[in-house]
Amino acid sequence: GSVTGGWKTFEMEDRLSQSLKHMRNLTHLCLNYDCTDKILLALAHNCTKLVSLDITNSKFVSNSSVEIIEQMKGLKVVQLYRTGVSMEGYINLLLLR
């Protein structure tokens, strides 16, 4: 799903990052269009049971997120289609895993 469809991503970024502190049992998340590096960092710190992550079309997810995603040791499925991650970022993610 999407929160704002990418139209107001930064308006909701802080609120969503704070909310993730209370979602410690989250195992699957679909956040199309609205995910950011900051939200991924909050996920890595708070949602350690996360297994599946779909952040398709989230243009504010960058190569910086590759290291954050690597911190998510339980993650088995990641969908990064049409994000700001470059080919180099994809390669690094595959090498780190």
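Is Lys38 buried, exposed or partly exposed? Lys38 comes out as partly exposed, since its relative accessible area is 40%. That value, like everything else here, comes from a predicted model.

## Salt bridges

There are 2 salt bridges in the structure. One of them joins Asp14 to Lys38, and the closest N and O atoms sit 2.1 Å apart. Asp14 belongs to helix α1 while Lys38 belongs to helix α2, so this pair ties together parts that are 24 residues apart in sequence. Asp14 is partly exposed, because its relative accessible area is 44%, and Lys38 is partly exposed too, at 40%.

Then there's the salt bridge between Lys73 and Glu70, where the closest N and O atoms are 3.1 Å apart. Lys73 counts as exposed because its relative accessibility is 60%. Glu70 has a relative accessible area of 16% and is buried; the cut-off for buried is under 20%, so Glu70 falls inside that class.

## Around helix α1

Helix α1 covers residues 9-19, and Ser17 is part of it. Is Ser17 buried or exposed? With a relative accessible area of just 7%, Ser17 is buried. What does Ser17 touch, once its neighbours within four places in sequence are left aside? Its contacts are Lys38, Ile39 and Ala42.

Asp14 is found in α1 as well. Besides its salt bridge to Lys38, Asp14 has its C-alpha atom 8.0 Å from that of Ile39, a residue 25 positions away along the chain. Lys38 and Ile39 therefore turn up twice in this picture: they are on the contact list of Ser17, while Asp14 has the salt bridge to Lys38 and the C-alpha separation to Ile39, with contact meaning heavy atoms within 4.5 Å.

## The sheet

How are the strands ordered? An open sheet is formed by 3 strands, running β1-β2-β3, with parallel pairing. The edges are taken by β1 (28-30) and β3 (77-79); each has a single partner strand, so one side of each has no neighbour in the sheet. On average, neighbouring strands are turned by 5 degrees against each other, with direction ignored.

Zooming in on one pair, β1 and β2 (residues 52-54) are joined in the parallel sense over 3 bridges. Within that pairing, His28 stands opposite Ser52 in β2. As general background, strands of a sheet pair through backbone hydrogen bonds, either parallel or antiparallel.

## Helix α3 and its packing

Which residues of helix α3 (residues 64-71) are buried? The list is Ser65, Val66, Ile68, Ile69 and Glu70. These buried residues pack against α2 (37-46), β3 and α4. Glu70 thus has two roles in this report: it is one of the buried residues of α3, and it is the salt-bridge partner of Lys73.

## A nonpolar patch

Met87, Ile91 and Leu95 make a nonpolar patch of about 350 Å² on the surface. Met87 sits in helix α4, which spans residues 87-96. Its relative accessibility is 59%, so Met87 counts as exposed. Helix α4 also appears among the elements that the buried residues of α3 pack against.

Note on methods:
Residues are numbered from 1 along each chain as its sequence is written. This is a predicted model: local features need pLDDT of at least 70, side-chain atom pairs count only at pLDDT 80 or more; totals for chains, interfaces and linings use all residues. Side-chain values use heavy atoms; hydrogens and water are left out. Patches are made of residues with over 30% relative accessible area and no salt bridge: like charges are joined within 9 Å, nonpolar side chains (Val, Leu, Ile, Met, Phe, Trp, Tyr) within 5 Å. Accessible areas come from the Shrake-Rupley method with a 1.4 Å probe; for residues, only the protein chains shown count as cover. A salt bridge is a side-chain nitrogen of Lys or Arg within 4 Å of a carboxyl oxygen of Asp or Glu. Helices (H or I, at least four residues) and strands (E, at least two) are DSSP runs, numbered from the N terminus. Buried means under 20% relative accessible area, exposed over 50%, partly exposed in between (1.4 Å probe, protein chains only). Two strands pair if DSSP finds at least two bridges between them. Axes are lines fitted to C-alpha atoms, for helices over the stretch in contact, and angles run from 0 to 180 degrees between N-to-C directions.
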